[in-house]
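Here is a friendly briefing to keep beside your sequence and viewer. Please have both open as you go through the points below.

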Amino acid sequence: MDTPSHRTLRGYAFDPSLSQRLDTHRINQVYYKVPWETIDYSDGTIRGEYVEIIDYDPSISKFYESINFDEKAILANDGLDPSESNPKFHQQMVYAVVMTTIKNFERALGRKIMWSTRKLDYNPEKGKKKYEDYVDRLRIYPHALREANAYYSPLKKALLFGYFHSNPVDQKDQMPGTLVFTCLSHDIIAHETTHAILDGLHRYYNEPTNPDVLAFHEAFADIVALFQHFSFPDVLKHQIASTRGDLTQQNLLGELAQQFGVAIGGHGSLRNAIGSINENTGVWERKQPDPSEYQNTLQPHDRGSILVAAVFDAFLSIYERRVADLNRIASNGTGILPLGELHPDLVNRLSTEASKTSQHILYMCIRALDYCPPVDITFGDYLRAIITADTDLIAEDVYAYRLAFIEAFKKRGIYPSGVRSLSSESLKYPTIKIKEENNGLIKIVADFLRMYANIVAYHPKREAIYEITYGAISGSINTHMKQLIGYEFSKRITGLHQRINVKFTQSREFKELTGLIFGEDGAEFGIRNSRTYPRWASFSIQNLRVVSRVGPNGNKLNQVVFSIIQKSGVIIENDKVKRVEIPDRDKPPKLNPGETYYIYKGGCTLILDLDSRKLKYAIKKPLIVFPKNRRPSRIPELNTEDIEKQFKYIYETNVMTMSEFQRYFSAAVDYNALEPFAMLHQH
């Protein structure tokens, strides 16, 4: 008997509060179609390939009985009935939304997602030869907290959901004391899952090196949650009919966490991409773009909402363009629809266009993650990544998607650095042109990566992909890897780190492209030297992944993407780099009064085309620069300008809204620094 392709589970489209309203109760129950997988229910845990649900409530020291999705009655009824009081349904809800979110990422990226690895204390001299551990499953705790909070824990590699008694500002909106479960909110679950996936793709996006970094994490998580609303057909049709096709009006599709927002004393949803209720008048108003807001807003959620609004504005512009012909037909060319309810056929067609547009936007936003720098991301970097990723896959922009993004960002004063204009051509990262003497070196590395990509393509299991990738980067061949692909193949695809170190030792061009040091003593730049090559600066390779995507016109991308990270230790006095000091965890630097020690991370994302065997893009945050006004210009210098700017932001920003999370990141070692989202999501 063939294995089913998917499992259908009932759940809330938004949260339980909409099931208690006459106008929305019919649309709030939806059917989640999640990929079928074998689930292990032993020891009271729900354990699939990607997640394990452990339903323990520490506030009452109780394990709740786990649901068994494979029971006949549950299979026949598409899961349990939605219920606020049944812990088993709570487990069903988190599982359905988490797996739906994972499915969306994998479709957009064209590969399986990996959770962030667990960092280890790498020290070969003491027998500690691994620098990280594979994390097979994300842990989910539906009732982990007795508070108005839910967060992703990078330390525990887990999602922790809270529950609490509501305290609404207006008792007409919600009964005071209502027990609110964050694990029953689609938006909160999708938001936290996105944090976990993003951490697996870019682990340094948890470090607030500029005002945009944490704001980007929050905004991107909101974007995914928002655009998943459009995948519910009945919800979409209901809102299209209610707004008469005008999605710039107040509607549920642009709102996040309605029940939670009211329960903590807010006016309506927790956040809204289109507008908000004026606290003075009680009337909903559409928010108008204000370029000064981006310059003055620093609190991560508030700053992130600017990016969310820009992306949603781009969606609205494209949607209006796609339905313009339908509106002309329905209005007999006047542009004004007749009074009364829209015809069901028109609602269906408008819904189809809205759904299609939202999926395109969501996938554009997700694919762009492969084109982002590995550290210190800004909103401007993200705009360039969106434009580059979309241009790579889709040459002809028929509906002006890219222009809509550019215009929406421009309205909010979000401008990338290092570009001369806001045209698509200027914003797209330039294709790398390598000198002939280095082309051969690139092709050697590309051949190695092509072999790696071919082997990974035939291994569907995530752990196998991780083991092969770990060996490909580090050069270490473990027993598992030999069992998977054999010893001879293992030898041929291991050692990317070594190949880069050896092949590009004398290449000034590669150092300029990446903004990093290779094949030189790192001491001059505050970089620890490699244990394997004691005379050369160390660096790490992260997130090696294969990209295989097909565009709507049949254009196929076969690429390998990876990031190189390098760290420099500097002593700063009076906001200026005074000297360098190699990082050493066992021996803190000696500081004079007024001095501060700071570790700066530079990094570069490299994208190689496997078909042409050429390096296509190098997207960098440089650790070193080659001053053009200095002779000879081939002598690199430490990038003191960016180091000082970053240091000043982290240590000297005393804005009231930032002070809370500043404390978490000011110390080098702090348990709370490892849990940034716990603090950011607290209410």
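**Confidence and ground rules**

The protein has an average pLDDT of 88, and 90% of the residues score at least 70; pLDDT is the predictor's confidence in each residue, from 0 to 100. This is a predicted model, in which local features need pLDDT of at least 70 and side-chain atom pairs count only at pLDDT 80 or more, while totals for chains, interfaces and linings use all residues. Residues are numbered from 1 along each chain as its sequence is written, and side-chain values use heavy atoms, with hydrogens and water left out.

**Where confidence is lowest and highest**

- Helices (H or I, at least four residues) and strands (E, at least two) are DSSP runs, numbered from the N terminus.
- Among the elements of the protein, strand 4 (residues 51–53) has the highest mean pLDDT, 98, and helix 21 (residues 659–666) has the lowest, 36.
- Over residues 654–672, pLDDT stays under 50, and the model has 30 contacts beyond four places in sequence for this stretch; a contact means heavy atoms within 4.5 Å.

**Strands 1 and 2**

- Strand 1 (residues 6–12) is mostly covered, with 6 of its 7 residues buried. Buried means under 20% relative accessible area, exposed means over 50%, and partly exposed lies in between (1.4 Å probe, protein chains only).
- Strand 2 (residues 29–35) runs antiparallel to strand 1, and 7 bridges join the two; strands pair if DSSP finds at least two bridges between them.
- If you want one pair to look up, Gly11 has Val30 in strand 2 as its bridge partner.

**The loop around Gly177**

- Gly177 sits in the loop between strand 11 (158–165) and strand 12 (179–181).
- With a relative accessible area of 36%, Gly177 is partly exposed.
- Leaving aside residues up to four places away in sequence, Gly177 touches His165 and Ser166.
- From C-alpha to C-alpha, Gly177 and Asn167 are 6.3 Å apart in space, and they are 10 residues apart in sequence.

**Helix 12 and its neighbours**

- The buried residues of helix 12 (residues 401–411) include Tyr401, Arg402, Phe405 and Phe409.
- These buried residues pack against four helices: helix 8 (300–322), helix 10 (344–367), helix 11 (379–393) and helix 13 (424–427).
- After helix 12 comes Gly413, which has a positive phi, near 70°.

**Salt bridges**

- A salt bridge is a side-chain nitrogen of Lys or Arg within 4 Å of a carboxyl oxygen of Asp or Glu, and by this rule the count comes to 35.
- Asp170 forms a salt bridge with Lys172, their closest N and O atoms being 3.0 Å apart. Asp170 is partly exposed at 26% relative accessibility, whereas Lys172 is exposed at 71%.
- Glu293 forms a salt bridge with Lys287, with 3.1 Å between the closest N and O atoms. Glu293 is partly exposed, with a relative accessible area of 21%, and Lys287 is partly exposed too, at 44%.
- Asp390 forms a salt bridge with Arg367, where the closest N and O atoms are 3.8 Å apart. Asp390 lies in helix 11 and Arg367 in helix 10, so this pair ties together parts that are 23 residues apart in sequence. Both Asp390 and Arg367 are buried.
- Asp40, Asp43, Arg47, Glu52 and Arg139 are joined into one network by salt bridges that share partners.
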